[in-house]
Amino acid sequence: MSHFITLQAAKDMTTAFRAAKETVVKDEYRGRNILPVCETYARSAFDALLSHPDCTGIRLYSSMDASLMLHTIAVGVNIRNEDILPSAVSGRLENDIVENSMRCPEECPPASPLNI
């Protein structure tokens, strides 16, 4: 299975999301940027996940903070499709869960075909 799509498909999808993102939240949450346009992570965060010896992929979870802002959490996945999580047993207590991104709007990237 290929995980890749065309630039046009990506543009269509991100444009549709930006057009509808305020209409899918309750009125009292509109205009609060509950749903981000995008989130940016340093490569080192994903390198750390992929460096785990059992990691065969990355899984993205949607999550929400105390202010109801949507965030993406990334974890490694093993060959059995199981999340690779911190464990005192494995001795890996850090670098197994990624979240702290640059969240747009707040910290937005330069204009591209995917965000204009």
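Here are some worked exercises on the predicted model shown above.

**Exercise 1: Get an overview of the fold**

Task: Describe the protein chain by its secondary structure, its extent and its contacts. How many helices and strands are there, and in what pattern do they follow each other along the sequence?

Solution:
- Step 1. Start with the elements: the protein chain has 2 helices and 6 strands.
- Step 2. Now read along the sequence, and the pattern is α-β-α-β-β-β-β-β.
- Step 3. Turn to the extent of the chain. Taken along the principal axes, the C-alpha atoms fill a box of roughly 45 × 35 × 25 Å.
- Step 4. Look at burial next: of the 116 residues in the protein chain, 25% are buried.
- Step 5. Finish with the contacts. Among those with a separation of 6 or more, 51% are between residues 24 or more positions apart.

**Exercise 2: Follow strand β3 and its partners**

Task: Take β3 (70-77) as your base. Which way does β3 run relative to β2, and how many bridges join the two? Then do the same for β4 and β5.

Solution:
- Step 1. Begin with β2 (57-64). β2 and β3 run antiparallel and are joined by 8 bridges. To see the pairing for yourself, find S62, which stands opposite T72 in β3.
- Step 2. Look at the hairpin of β2 and β3. There are 5 residues between the strands, and L68 takes a positive phi near 70°.
- Step 3. Move on to β4 (83-84). β3 and β4 are antiparallel, with 2 bridges between them; V77 has D83 in β4 as its bridge partner.
- Step 4. Check the hairpin of β3 and β4 as well. It has 5 residues between the strands, and N81 takes a positive phi near 70°.
- Step 5. End with β5 (residues 97-98), which is antiparallel to β3 and joined to it by 2 bridges. Here V75 is paired with I97 of β5.
- Step 6. Pick one residue of β3 to tie this together: I73 lies in this strand. Leaving aside neighbours within four places in sequence, I73 contacts R59, L60, Y61, S63, I97, V98 and E99.
- Step 7. Is I73 buried or exposed? The relative accessible area of I73 is 24% and the cut-off for buried is under 20%, so I73 counts as partly exposed.

**Exercise 3: Work out the surroundings of N78**

Task: Locate N78 and list its contacts. Is N78 buried or exposed?

Solution:
- Step 1. Place the residue: N78 is in the loop between β3 and β4.
- Step 2. Compare its accessibility with the cut-off. N78 counts as buried because its relative accessibility is 8%, and buried means under 20%.
- Step 3. Trace the side chain. The N78 side chain reaches the backbone nitrogen of R80 at 2.9 Å, and it makes a polar contact with the side chain of E82 at 2.8 Å.
- Step 4. Add the contacts from further along the sequence: not counting residues up to four places away, N78 touches D54, T56 and I84.

**Exercise 4: Explore the largest pocket**

Task: Describe the largest pocket and its lining. Which element supplies the largest share of the lining?

Solution:
- Step 1. Note the volume: the largest pocket holds about 620 Å³ of space.
- Step 2. Find the centre. The lining has 20 residues, and T14, V37, C38, E39 and L60 lie nearest the centre of the pocket.
- Step 3. Assign the lining to elements. At least two residues each come from α1 (7-20), β1 (38-40), β2 and β3, and α1 gives the largest share, 4 residues.
- Step 4. Sort the lining by character: 12 residues are nonpolar, 6 are polar and 2 are charged.

**Exercise 5: Spot the unusual backbone**

Task: Look up the backbone angles at N33, P105 and E106. Where does each residue lie?

Solution:
- Step 1. Recall the background: most residues other than glycine have a negative phi, and most peptide bonds are trans.
- Step 2. Go to N33, in the loop between α1 and β1. Its phi is positive, near 55°, and N33 is partly exposed at 27% relative accessible area.
- Step 3. Continue to P105, in the segment after β6 (102-104). A cis peptide bond joins C104 and P105, with omega about 10°.
- Step 4. Finish at E106, also in the segment after β6. The phi of E106 is positive, near 145°, and at 53% relative accessibility E106 counts as exposed.

Notes: Residues are numbered from 1 along each chain as its sequence is written. This is a predicted model: local features need pLDDT of at least 70, side-chain atom pairs count only at pLDDT 80 or more; totals for chains, interfaces and linings use all residues. Side-chain values use heavy atoms; hydrogens and water are left out. On a 1 Å grid over the protein atoms alone, a cavity is a set of points where a 1.4 Å probe fits but cannot get out, and a pocket is an open set with protein on both sides within 12 Å along at least five of seven lines; lining residues have an atom within 4 Å of a point. Grid points are joined across faces, edges and corners, and a volume is the space filled by probe spheres set on the points. Ala, Val, Leu, Ile, Met, Phe, Trp, Tyr, Cys and Pro count as nonpolar, Asp, Glu, Lys and Arg as charged, and the others, Gly among them, as polar. Buried means under 20% relative accessible area, exposed over 50%, partly exposed in between (1.4 Å probe, protein chains only). A polar contact is a pair of N or O atoms within 3.5 Å; within protein, one must be able to donate a hydrogen and the other to accept it, and residues adjacent in sequence count only if both atoms are side-chain atoms. Contact means heavy atoms within 4.5 Å. Two strands pair if DSSP finds at least two bridges between them.
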